[in-house]
There are 2 protein chains.
Amino acid sequence: MAQRVEIILFGLGNVGSCVLKQLAAAAQNHLLRYNLEFSLAAVADSNGYVANIPLNAVNALVQHKQAKKALADYSNGKKLNSALDLVQNLSNPSSTIVIDCSATESTIPALLRAMQSGAAITMANKKPLSSNYSNWLEFTAAPRIHRLRYESTVGAGSPFITVCNRLIAANDKINKIQGTFSGTLGFVMSGLERGESYSNIVQKAFKLGYTEPDPRDDLSGKDVARKALILARTIGYKLEMDDIKIEPLYPTQFESLNVEQFLGRLGELDEQYAQKREEAKNNNQVLRYVAKIEQNTITVGLQALSQNTPIGRLQGTENMVEFYTEIYGEKPLVVQGAGAGGEITAAGVIADCIELAGVLKSSP
Amino acid sequence: MAQRVEIILFGLGNVGSCVLKQLAAAAQNHLLRYNLEFSLAAVADSNGYVANIPLNAVNALVQHKQAKKALADYSNGKKLNSALDLVQNLSNPSSTIVIDCSATESTIPALLRAMQSGAAITMANKKPLSSNYSNWLEFTAAPRIHRLRYESTVGAGSPFITVCNRLIAANDKINKIQGTFSGTLGFVMSGLERGESYSNIVQKAFKLGYTEPDPRDDLSGKDVARKALILARTIGYKLEMDDIKIEPLYPTQFESLNVEQFLGRLGELDEQYAQKREEAKNNNQVLRYVAKIEQNTITVGLQALSQNTPIGRLQGTENMVEFYTEIYGEKPLVVQGAGAGGEITAAGVIADCIELAGVLKSSP
């Protein structure tokens, strides 16, 4: 008999929709390969809460771009007050995975409640694990740490977290982690490198939908800092967001502008970034927006790096992370992969779900 | 109360000794982080079988280079006939991990028996999963596939298999895998690239202990082919070793020589490889020993690649694997890391053990 796992999904934006679509598309393979059947118990979205959606209906639903409305039609009419309600009385917690694809800290109580009752969780949402360190400790307490995955909080779905957690599991000592953690800023840096003006490339990224609705959410470096914080905590650093040195890609006085004003005044920064580019170029270097995790410190900002370093060779939205460890020695363990994209982010979540299904139940 | 997991180890060579040393060294961290205690139930080595070794005694034992003899002193005197005896009547299979660090197919019945009874297994030994495809099917049948790990069969402990299995879990379609899977041949290729003669660099690798006792075990390409076969089977190719096109780095008539004769006659090949190097160089290319897994076919052999490709830039014993997939699109997911070394190989085994401990038991 197949193992059955119920999914509860928080957040039905781009990533959440991709997760449902991929779960439905993978159903046959998951049954064949793992003897495993997922069903969708409930979806909690800011628009409301629905429950008991047949997974085989999901695919058609999320395709027609009315996902939220269509899913609501499947609701059994029981309107809930919060995500917490959904996990309050899980009928079968040890066969339940909660997936958080929202972008809010408000899911934290529900996630912790689910873990406490024996359910497994995976997040693409960066907020819970980059909130107060006390929350981190709650999420990662032994032995429930086995029921926690969070690959898609960092580097889209590229397996940065998985690789890091394996180094930790092997008791390797990680001396330094260095990498790029933003597809958007990778795109901006590649444009600068080609000679485009700063304002031009940022506006292009905005128009292509590569940035957040407010591009400052990317350019502030805070998103990169959140990811770096999650990696740093993974290797044992007891740090808060406030401990991170972040270099934003715009001056403080641009913070009070609205988005339109902000985009309009970007040209004022062109000369400054062109100059930095030329300085770097004269030293055979290129600019990259890099996070460095070392000696209990995180720094996030612009760096001039040789074109002949792995990070210096990165192009476009690709991300890379280098792990310098005791056992690996001088040459780091390196992972390079897409740094953005709903499909890739969702793929990371699905892989997490399969690992968690293995943890939840494994019969001979 | 801490989770207790009993380890049964097959093979006490370099990797097996490193595994025991690392398990002992990691004991405190494993308890703190995962609330997990490993104990060593038994060791099966070609020299004999010992059982009930306290893990805290292991460290001192394996340090003094008399590991086998010293471990034998801990034996409870019960001499067993085979590895199979050790797993025949496991008292607590669902808390047992069998680690295979041997280099023989003869462990297959014992490994399968252990899995059938509910135990988990991890292998650094390449032989079982590259033997007949029927064995592969036995090892990977659902749902016991959740209790199987084999990271260190490929690329030392670098997480090639983990990353590949996550792509599969996410139902991504892997169109091509390309990589280098031999630290030894990486060393040889780097030497050639620097202008050293073929015979010189192979003899150097032999003297440094980078090759197998018979260097032809590396130069034949069979070891690389085994690793490629394991990756190919992981992504669903139903192939046998005989299906692989392998280009060995010596002519057929060298096969009947003894090792000394073989090393002595390597000079006869210098001109041929110098010529290949120069041809490549004239096209700004370098020689690499590459495995390619594509369209249900595996090819293993020498390739001239641009110096500006990721594999072309590899130096020394490092390995790299590129995954070209449907979801990742044009740019592959790349993992680069050490391709040789007992410590790194053992670290991959330990990380597997932690994942398996999570699968074996996970209480709220």
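Begin at the boundary between the two chains of this predicted model: across the interface of chain A and chain B, the rule finds 4 salt bridges. To look at one of these contacts, select B:Arg166 and A:Glu355, whose side chains meet in a salt bridge with an N to O distance of 2.9 Å. If you then widen the selection to polar contacts, the count between chain A and chain B is 20 residue pairs, with both residues at pLDDT 80 or more.

Next, colour the side of chain A that touches chain B by secondary structure. The elements that give two or more residues to this side are α1 (14-34), α8 (160-169), β12 (333-338) and α16 (342-360) of chain A. Which of them gives the most? It is α16(A), with 12 residues. Sorted by character, the residues of this side of chain A divide into 27 nonpolar, 21 polar and 11 charged.

Now select the whole contact set, in which 59 residues of chain A are in contact with 59 residues of chain B. The area buried between chain A and chain B is about 4,800 Å², and carbon and sulfur atoms give 56% of it. Within the part that chain A buries against chain B, pick out A:Arg33, A:His146 and A:Arg166, which supply 16% of that area, more than any other three residues.

With both chains displayed, turn to the symmetry. Chain A can be laid on chain B with an RMSD of 0.0 Å by a turn of 180 degrees, with a shift of 0.0 Å along the axis, which is the relation of a two-fold axis. The same surface serves both copies, since 100% of the contact residues of chain A recur in chain B. To find the axis in the viewer, centre on A:Val359, which of the residues of chain A comes closest to the rotation axis, with its C-alpha at 2.0 Å.

From there, move to strand β12 (residues 333-338) of chain B, which pairs with β12(A) in the antiparallel sense over 3 bridges. Select A:Val334 and you will find that B:Gln336, in β12(B), stands opposite. Now show the open sheet of 12 strands, whose pairing is mixed and whose order is β8(A)-β10(A)-β9(A)-β7(A)-β11(A)-β12(A)-β12(B)-β11(B)-β7(B)-β9(B)-β10(B)-β8(B). Why is one side of certain strands left without a neighbour in the sheet? The strands β8 (245-246) of chain A and β8 (245-246) of chain B stand at the edges, each with a single partner strand, and so one side of each has no neighbour there.

Leaving the interface, consider the salt bridges of the structure, which number 30 over all chains. One to select within chain A joins the side chains of A:Lys126 and A:Asp223, at 3.2 Å from N to O. Because A:Lys126 lies in the loop between β5 (120-123) and α6 (127-130) of chain A, while A:Asp223 lies in helix α12 (residues 222-234) of chain A, the pair ties together parts that are 97 residues apart in sequence.

The last stops concern the backbone. Select A:Ala142 and A:Pro143, which are joined by a cis peptide bond with omega about -5 degrees; A:Pro143 is found in the loop between α7 (133-140) and β6 (148-149) of chain A. In chain B, a cis peptide bond joins B:Ala142 and B:Pro143, again with omega about -5 degrees, and B:Pro143 is found in the loop between α7 (133-140) and β6 (148-149) of chain B. Finish at A:Asn171, in the loop between α8 and β7 (174-180) of chain A, where phi is near 65 degrees, a positive value in a residue other than glycine.

Methods
Residues are numbered from 1 along each chain as its sequence is written. Chains are lettered from A and ligands numbered from 1 in the order in which they are written. This is a predicted model: local features need pLDDT of at least 70, side-chain atom pairs count only at pLDDT 80 or more; totals for chains, interfaces and linings use all residues. Side-chain values use heavy atoms; hydrogens and water are left out. Copies are superposed by least squares on the C-alpha atoms of residues with pLDDT of at least 70 in both. Contact means heavy atoms within 4.5 Å. Buried area is the accessible area (1.4 Å probe) that two parts lose on being put together, summed over both. A polar contact is a pair of N or O atoms within 3.5 Å; within protein, one must be able to donate a hydrogen and the other to accept it, and residues adjacent in sequence count only if both atoms are side-chain atoms. Helices (H or I, at least four residues) and strands (E, at least two) are DSSP runs, numbered from the N terminus. Ala, Val, Leu, Ile, Met, Phe, Trp, Tyr, Cys and Pro count as nonpolar, Asp, Glu, Lys and Arg as charged, and the others, Gly among them, as polar. Two strands pair if DSSP finds at least two bridges between them.
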